[in-house]
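Q: I would like to learn how to read helices, burial and charge pairs from a set of coordinates. Please take me through one case.

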Amino acid sequence: MKEYIEELISRRNALIVHIEYLESDAVMADGQAYYAIKDKIAKAWNQVNQMNVEIDRFTFVGPRMPEWVRAERNQKVLDEARKSRVQSALEKL
């Protein structure tokens, strides 16, 4: 399993280098070649994203937190900070 993950990471890194190479070629391209290069870049990024999901699935340890739980907790922190700022302002008055 460890070899598989290391292979995925190395393939992902090689693909990112290839994307950077394609992006440097896209600067000089014009017309149909530009769009063909951009299409290759988009497909390569899709592959990178799929590899990231695969790597995350095998390496992530911990609970998955839904976005609404994270937003609710963040809102509680913001509310407490706002209350403390209001209290300090009232004390100064």
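A: The turns below take up helix length, burial, the core and salt bridges.
This is a predicted model, in which local features need pLDDT of at least 70 and side-chain atom pairs count only at pLDDT 80 or more, while totals for chains, interfaces and linings use all residues. Residues are numbered from 1 along each chain as its sequence is written, and side-chain values use heavy atoms, with hydrogens and water left out.

Q: How far should the 27 residues of helix 1 span?
A: Helices are DSSP runs (H or I, at least four residues), numbered from the N terminus. The expected span is 1.5 Å times one less than the number of residues. For helix 1, residues 2-28, that gives 39 Å, and the end C-alpha atoms are 40 Å apart, which agrees.

Q: Which residues of helix 1 are buried?
A: Buried means under 20% relative accessible area, exposed over 50%, and partly exposed in between (1.4 Å probe, protein chains only). In helix 1 the buried residues are Ile5, Leu8, Leu15, Ile19, Leu22 and Ala26. They pack against helix 2, residues 32-59.

Q: Which residues make up the largest nonpolar core?
A: In soluble globular proteins, nonpolar side chains tend to be buried together. A nonpolar core is a set of buried Ala, Val, Leu, Ile, Met, Phe, Trp, Tyr and Cys residues joined through side-chain atoms within 4.5 Å. The largest one here has 12 residues: Leu8, Leu15, Ile19, Leu22, Ala26, Ala29, Ile37, Ile41, Ala44, Val48, Met51 and Ile55. Helix 2 gives the most to this core, with 6 residues.

Q: What is Leu8 in contact with, leaving aside its neighbours within four places in sequence?
A: Contact means heavy atoms within 4.5 Å. On that basis Leu8 touches Met51, Glu54 and Ile55.

Q: How many salt bridges does a search of the whole structure find?
A: Side chains of opposite charge can pair when their charged atoms come close. A salt bridge is a side-chain nitrogen of Lys or Arg within 4 Å of a carboxyl oxygen of Asp or Glu. The search finds 5. One of them joins Arg57 to Glu54, at 2.4 Å from N to O.

Q: Are Arg57 and Glu54 buried or exposed?
A: Arg57 is exposed, at 53% relative accessibility, whereas Glu54 is buried, at 19%. Both lie in helix 2, 3 residues apart, about one turn of the helix. An α-helix has 3.6 residues a turn, so residues three or four places apart point the same way.

How values were computed. Helices (H or I, at least four residues) and strands (E, at least two) are DSSP runs, numbered from the N terminus.
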